[in-house]
Amino acid sequence: MSDFTIETSTQEPPLDTAMQVIYQWNYDPEVDELRKLYVKATESQWVAGRDLDWDRPIDHAKFATTPLGSPLPIEKCSYWKSLSEEQLWEVTRRTASFRLSQFLHGEQGALMVAAQLVNAVPHTDAKFYAATQTMDEARHVEVFARYIEKLDEIRPIAPSLKGILDQTLETGDWMKKLVGMQIVVEGLALYSFREMRNLTEEPLLKELLTYVARDESRHHAYGVQYIERCVPCLSDAARTELEDFALECSRSLIDQNAQGLFTTLLGIWQEVGADPVAMLTSLQSERADLMRDTPKGRRLGPVQGFVLPTLRRCGLFSERVATHFHGFFRENFGERVAGENVEQFMAHLPDLPADTARWVMGEIQ
Ligand SMILES: [Fe+2]
Ligand SMILES: [Fe+2]
């Protein structure tokens, strides 16, 4: 007797979405760069079970280099250094498992949005590309789930991430789907995968992130190339609405993500028998020293360091919305991070890397 059922205890109640489907009768290549990207994607397909060696045990010593994702370099404070080797392994393992679980759930969201894009975007080249991205995202879900299974256990999705995935899936506007997924979520993912891939020395994790990040840099390129073509065709009102959607998505990510991450980290420290108060005291008193050696990119974080430069490149970063972003950053992180005024804030933003695929591999800054 099979134990297969249609409704499982792990599934959520269905989410109603307002997607419209568009047939396109022109099958000729129309947007050259998207057609090229699609061809490149078909040539770059890989197979998780064949191309990665899953029998390798996780290398504990090398795993210690896996970044914790905190804006403060927690691993450099004196309390952290006083923890036992066992506690350090446990805290690193559990923190990474929390972060990788967010990557995993984000990949599931990306899988579903990419599949929606196949239906919703109006150009054949864009439908073709979204089809390859759907396949990529399925593989990403597969590899993150397999790695977490070896490492620890899957932790629940952070409410902020769930909110933005819901919003992107629910909207009936395909351009909002593109902005929510290809710019905000993919930008955040690309930035985080790059950091983890380049810093971790754990061989299996590094290898799988190399494959995933290579795919993600194509996904980002798709978003940029398609959206920057579409934006000049929009009315002022439609562009404003799109800018506001990007602002809302980015804000909820920064806002609640910071709180969610912090609460989770405190919980993990307690789980492994570390004293959160002693850790916080150590971080607070050594803050100036800890920050001195931190590279600029880490202080900026994914939204300022990557999402906003992408919006600017796509023509979705008017002075109006930049002023909102500046106000929000100043409120949350102070003038040291945001700058005194919107001019300083804009001047602080880096340019997008000249070659995202090389940037994500750490070959260029
Ligand atoms: Fe992905
Ligand atoms: Fe992606």
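**Exercise 1. Burial and overall form**

Determine what share of the 365 residues of the protein counts as buried, and describe the overall form of the chain.

*Solution.*
Step 1. In this predicted model, 50% of the 365 residues count as buried.
Step 2. The secondary structure consists of 17 helices, with zero strands. The radius of gyration is 21 Å, close to the 21 Å given by the globule rule for 365 residues, so the protein is as compact as a globular protein of that length.
Step 3. Along the principal axes, the C-alpha trace spans about 65 × 65 × 40 Å.
Step 4. Of the contacts between residues at least 6 apart in sequence, 83% join residues at least 24 apart.

**Exercise 2. Surface and charge**

State how much accessible surface the protein has, and how far apart the mean positions of its positive and negative charges are.

*Solution.*
Step 1. The accessible surface comes to about 17,500 Å². Carbon and sulfur atoms account for 53% of that surface.
Step 2. The protein has 38 positive and 55 negative charges. Their mean positions are 5 Å apart.

**Exercise 3. The iron ion (ligand 1)**

Identify the residues that coordinate the iron ion (ligand 1), then place the donors along the chain.

*Solution.*
Step 1. The donor atoms are OE of Glu107, which appears twice, OE of Glu137, ND1 of His140 and OE of Glu216. These atoms lie at 1.9 to 2.8 Å from the iron ion (ligand 1).
Step 2. Read along the chain, the donors follow the spacing E-x29-E-x2-H-x75-E. Glu107 belongs to helix 5 (residues 85–120) and Glu137 to helix 6, 30 residues apart, and the pair links distant parts of the chain.
Step 3. Is Glu107 buried or exposed? Its relative accessible area is 3%, under the 20% cut-off, so Glu107 is buried.

**Exercise 4. The iron ion (ligand 2) and the shared donor**

List the donors of the iron ion (ligand 2), and name the residue that coordinates both iron ions.

*Solution.*
Step 1. The iron ion (ligand 2) is coordinated by OE atoms of Glu137, Glu186 (twice) and Glu216, together with ND1 of His219. The range here is 2.0 to 2.5 Å.
Step 2. The sequence spacing of these donor residues is E-x48-E-x29-E-x2-H. Glu137 is in helix 6 (residues 124–151) and Glu186 in helix 8 (residues 174–199), so this pair ties together parts that are 49 residues apart in sequence.
Step 3. The two iron ions, ligand 2 and ligand 1, are 3.2 Å apart, and Glu137 coordinates both. Glu216 also appears among the donors of ligand 1 and among those of ligand 2.
Step 4. Both Glu137 and Glu186 are buried. For Glu137 the relative accessible area is 0%.

**Exercise 5. Two buried residues in helices**

Locate Thr124 and Leu253, and establish whether each is buried or exposed.

*Solution.*
Step 1. Thr124 is part of helix 6, while Leu253 lies in helix 10 (residues 236–271).
Step 2. With a relative accessible area of 4%, Thr124 is buried. Leu253 is buried with a value of 3%.
Step 3. Neighbours within four places in sequence aside, Thr124 is in contact with Gln24, Asn26, Tyr27 and Arg35.
Step 4. Leu253 and Thr65 are 188 residues apart along the chain, and their C-alpha atoms are separated by 26 Å.

**Exercise 6. Residues outside the helices**

Classify Ile154 and Thr10 by accessibility, and relate sequence separation to distance in space for each.

*Solution.*
Step 1. Ile154 sits in the loop between helix 6 and helix 7 (159–170). At 47% relative accessible area, Ile154 is partly exposed.
Step 2. Ile154 is 54 residues from Leu100 in sequence, with 8.3 Å between their C-alpha atoms. Beyond its neighbours within four places in sequence, Ile154 is in contact with Ser101, Leu104, His105 and Ile148.
Step 3. Thr10 is placed in the segment before helix 1 (32–43). A relative accessibility of 73% is over the 50% cut-off, so Thr10 counts as exposed.
Step 4. Thr10 and Met175 are 165 residues apart along the chain, and 31 Å separates their C-alpha atoms.

Conventions: Residues are numbered from 1 along each chain as its sequence is written. Chains are lettered from A and ligands numbered from 1 in the order in which they are written. This is a predicted model: local features need pLDDT of at least 70, side-chain atom pairs count only at pLDDT 80 or more; totals for chains, interfaces and linings use all residues. Side-chain values use heavy atoms; hydrogens and water are left out. Helices (H or I, at least four residues) and strands (E, at least two) are DSSP runs, numbered from the N terminus. Buried means under 20% relative accessible area, exposed over 50%, partly exposed in between (1.4 Å probe, protein chains only). The radius of gyration is taken over C-alpha atoms; the globule rule is 2.2 Å times the number of residues to the power 0.38. Contact means heavy atoms within 4.5 Å. Accessible areas come from the Shrake-Rupley method with a 1.4 Å probe; for residues, only the protein chains shown count as cover. Lys and Arg count as positive and Asp and Glu as negative; His and the chain ends are not counted. The place of a charge is taken as NZ of Lys, CZ of Arg, CG of Asp or CD of Glu.
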